[in-house]
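Please look through the structure below with its charged side chains in mind, and then with an eye to its backbone angles. The paragraphs that follow take these topics in turn.

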Amino acid sequence: MAKVITNNIRRLRFDQDEMTQKALADLVGVSRQTIVAIEKGKYSPSLEVAFKIAEVFTMALDDVFQYKEQ
């Protein structure tokens, strides 16, 4: 089976006073389109971007991203 990276970014944004994709992108230093692609699982972020996203939500990396079989 193939392994895929999934994430909880959409839920985390909602739980964070409904943070917009643009606001998250600005905090992380990427484009809104990058956040959209990461949320949809169409793009795997670099390790640096993944850590920055986790830092925004003050969470561990594996609480934001999961690597599991599909």
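In this predicted model, the side chains of Arg-11 and Asp-15 meet in a salt bridge, with a distance of 3.2 Å from N to O. Both residues belong to helix α1, which covers residues 9-15, and they stand four residues apart, about one turn of the helix. Arg-11 counts as partly exposed, because its relative accessibility of 44% falls between the limits of 20% and 50%.

A second pair involving α1 reaches beyond that helix: Glu-39 forms a salt bridge with Arg-13, and their closest N and O atoms are 2.5 Å apart. Since Glu-39 lies in helix α3 (residues 32-39) and Arg-13 in helix α1, this pair ties together parts that are 26 residues apart in sequence. Are these two partners buried or exposed? Glu-39 has a relative accessibility of 16% and therefore counts as buried, and Arg-13, with a relative accessible area of 10%, is buried as well.

Helix α4 (residues 47-56) holds a further pair, in which Glu-48 forms a salt bridge with Lys-52 and the closest N and O atoms are 3.3 Å apart. The two residues are separated by about one helical turn, because they are four residues apart in this helix. Glu-48 counts as exposed at 54% relative accessibility, whereas Lys-52 is partly exposed, with a relative accessible area of 33%. The count of salt bridges for the model comes to four, and the pairs described here are among them.

Returning to α3, we find that Glu-39 is one of its buried residues, which also include Ile-35, Val-36, Ala-37 and Ile-38. The buried residues of α3 pack against the strands β1 (3-7) and β2 (65-69), and also against the helices α1, α2 (21-28) and α4. Just after α3, the backbone at Gly-41 takes a positive phi of about 75°.

Which residues have a positive phi although they are not glycines? Most residues other than glycine have a negative phi, which is why such cases deserve a look. Glu-18 has a positive phi of about 55°; this residue is placed in the loop between α1 and α2, and it counts as exposed at 54% relative accessibility. Thr-58, with a positive phi of about 45°, lies in the loop between α4 and α5 (61-64), and its relative accessible area of 72% means that Thr-58 is exposed.

Technical notes: Residues numbered from 1 in each chain as written. Predicted model: local features only at pLDDT ≥ 70, side-chain atom pairs only at ≥ 80, totals over all residues. Heavy atoms only, no water. Buried < 20%, exposed > 50% of the residue type's maximum accessible area, 1.4 Å probe, protein only. Contact = heavy atoms within 4.5 Å.
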